[in-house]
Amino acid sequence: MLEKVKELLQEVANFVPKSEKETEEFRLNFLGKKGEMNALFAAFKTVPNESKKEFGQAINTLKQNAQAKVDEYKGSFETEEKGEEIDLSRPVSLDNLGSRHPISLVRNQIVDIFNRIGFTVSEGPEIEDDWHNFSALNLPEEHPARDMQDTFFIQTNPDVLLRTHTSSVQVRYMEGNQPPIRTLSPGRVYRNEAISARAHCIFHQVEGLYIDENVSFADLKQALLYFAKEMFGEKTKIRLRPSYFPFTEPSAEVDVSCNICNSKGCNVCKYTGYLEILGCGMVDLNVLENCGIDSKKYTGYAFGMGIERIAMLKYGVKDLRLFFENDVRFLKQFDKSI
Ligand code: DAH
C-alpha cells in the first residue's frame with residue numbers, strides 16, 4: 001500500500017499539464033470524489049495500527065502536493081484556450097496614426113522659418129470689430145479699398161465682422177506693445193467669395209510685422225528672400241512689383257521664381273517664370289499713429305501671405321478645395337514630407 005502512495009507521489013511530482021483540460025483531469029483523478037485520495041483515505045481503515053502513522057503522513061503529503069499542482073496550473077492556460085496565443089517575438093503592429101493637415105504643416109514651417117530670425121507668434125480673434133479689421137489700418141468708412149475684401153458682417157451689428165485678413169492682429173499687437181516688435185500672426189480668415197479651385201470663403205493667412213528704429217525696405221527684402229529660400233529652396237529668387245495696400249506705403253507684391261520649370265515658363269507660372277506669394281510694404285505712418293506708436297521715431301515693415309497659396313505652390317496642388325474636404329487619401333500624402 002505504501003508502495004502505491006510513493007508511486008503516486010512520484011507521478012504528482014512529474015506531472016506537467018499542457019492545457020487547462022489536462023489540469024482538470026489531474027484534479028479529478030486525484031482530488032475528485034472518485035479520485036485516488038478518497039480511495040486511499042478509505043483504505044486507511046484497513047492499515048495495521050503500527051503502520052497508520054507513516055501511511056497517514058504519506059497520504060497527507062500526497063494530497064497537499066496534488067492540491068499544490070492544481071493551484072499552480074489552474075487558470076494559466078486561459079489565453080491559449082481562447083485561441084489568443086501571445087507570441088512575444090512578433091513585430092508590433094503600429095496603431096494607425098492620423099497625419100497632420102498640410103495647412104498645419106506649412107503654417108508650422110512658416111512659423112519656424114521666421115522664429116529663427118526672432119519673430120514670435122501672436123494671435124487675435126476671428127470675430128473682429130471694424131476698427132481692428134479696417135479703420136485702424138487706414139481704411140476709414142466709405143474707403144473704396146474696403147471693397148477689395150468681401151466681408152461677412154454680423155447682420156444685427158455692422159461693427160462686428162469675421163476678419164478678412166490677419167492684418168487685424170498687427171493692430172492689436174501694436175496697441176498692446178511698444179517697439180521693438182517682431183511678430184508673426186497665423187490664423188483663419190473669412191471672405192464672402194464664391195468657392196472655386198482658386199478661392200474659398202475660409203482660408204488661412206500669416207501676417208508678419210517688424211517695427212523698430214531705422215527699419216528699411218532693404219530689411220524687408222532681405223527677410224523675404226531668406227523666407228523664400230528656406231521655403232522653396234536655396235536657388236529661389238524673389239521679385240518685387242509695386243502695388244497698393246492702404247496700410248503700407250510703399251507697397252509691393254512679391255513673386256518667387258517658379259521651381260517647377262526653373263523659371264523657364266510653364267502652365268503653373270503661366271509662362272512668366274514667377275509665382276505671386278504675398279503682399280508687403282512699409283507700415284503706413286497713419287497706421288503706426290492709430291496704434292499708439294511714434295511714427296517719427298519708429299518705422300516698420302509688414303507682410304501678409306495665404307497659407308493655402310504657399311501649400312499649393314510647394315506641393316503642386318491645383319485645387320484649393322482639397323484642403324477643406326478632409327479626404328484622408330489626400331491628407332495622408334503630406335505627413336512624411338516635412
Ligand atoms: N492683408 C492683405 C490681404 O489680405 C495682405 C497684406 C498685404 C498684408 C500687405 C500686409 C501687407 O501686412 O503689408 O490681402
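This is a walk through the chain's overall dimensions, its sheet and two smaller strand pairings, and one pair of packed helices.

Let's start with the whole chain, remembering that this is a predicted model. The chain holds 13 helices and ten strands. Its C-alpha atoms fill a box of roughly 120 × 45 × 40 Å along the principal axes. The radius of gyration tells a similar story: a compact globule of 338 residues would come near 20 Å, but this chain has 40 Å.

Now turn to the main sheet. Seven strands build an open sheet, and reading across gives the order S1-S5-S6-S10-S9-S8-S7, with mixed pairing. At the edges sit strand S1 (120-121) and strand S7 (238-245), each of which pairs on one side only. Helix H6 (residues 102-115) packs on this sheet and touches S1, strand S5 (181-190), strand S6 (202-212) and S10. The direction of H6 makes about 165° with that of S5. Helix H8 (residues 167-176) lies across S5, S6 and S10, and runs at about 35° to S6.

For a residue-level foothold in the sheet, look at strand S9 (residues 274-283) and strand S10 (residues 299-306), which pair in the antiparallel sense over five bridges. Here Cys280 has Phe303 in S10 as its bridge partner. As background, strands of a sheet pair through backbone hydrogen bonds, in either a parallel or an antiparallel way.

Strand S4 (residues 157-162) takes part in further pairings. Three bridges join S4 to strand S2 (residues 127-129), and the two run antiparallel; in this pairing, Ile127 is matched with Leu162 of S4. Strand S3 (residues 153-154) also pairs with S4 in the antiparallel sense, over two bridges, and Phe153 has Leu161 of S4 as its bridge partner. A hairpin of two residues leads from S3 to S4.

Finally, visit the helix pair. How do helix H2 (residues 20-31) and helix H4 (residues 49-73) cross? Their axes come within 10 Å and cross at roughly 160°. An angle over 145 degrees counts as roughly antiparallel, so H2 and H4 are roughly antiparallel to each other. The crossing of the two is left-handed. On the H2 side, the contact is made by Glu20, Thr23, Phe26, Arg27, Phe30 and Leu31, which meet Leu62, Lys63, Ala66, Gln67, Lys69, Val70 and Tyr73 in H4. Sorted by class, this contact has seven nonpolar, two polar and four charged residues.

Key: Residues are numbered from 1 along each chain as its sequence is written. This is a predicted model: local features need pLDDT of at least 70, side-chain atom pairs count only at pLDDT 80 or more; totals for chains, interfaces and linings use all residues. Side-chain values use heavy atoms; hydrogens and water are left out. Axes are lines fitted to C-alpha atoms, for helices over the stretch in contact, and angles run from 0 to 180 degrees between N-to-C directions. Helices (H or I, at least four residues) and strands (E, at least two) are DSSP runs, numbered from the N terminus. Angles under 35 degrees count as roughly parallel, over 145 as roughly antiparallel, 65 to 115 as roughly perpendicular and the rest as oblique. A crossing is left-handed if the near helix is turned anticlockwise from the far one by less than a right angle, and right-handed if clockwise. Contact means heavy atoms within 4.5 Å. Ala, Val, Leu, Ile, Met, Phe, Trp, Tyr, Cys and Pro count as nonpolar, Asp, Glu, Lys and Arg as charged, and the others, Gly among them, as polar. Two strands pair if DSSP finds at least two bridges between them. The radius of gyration is taken over C-alpha atoms; the globule rule is 2.2 Å times the number of residues to the power 0.38.
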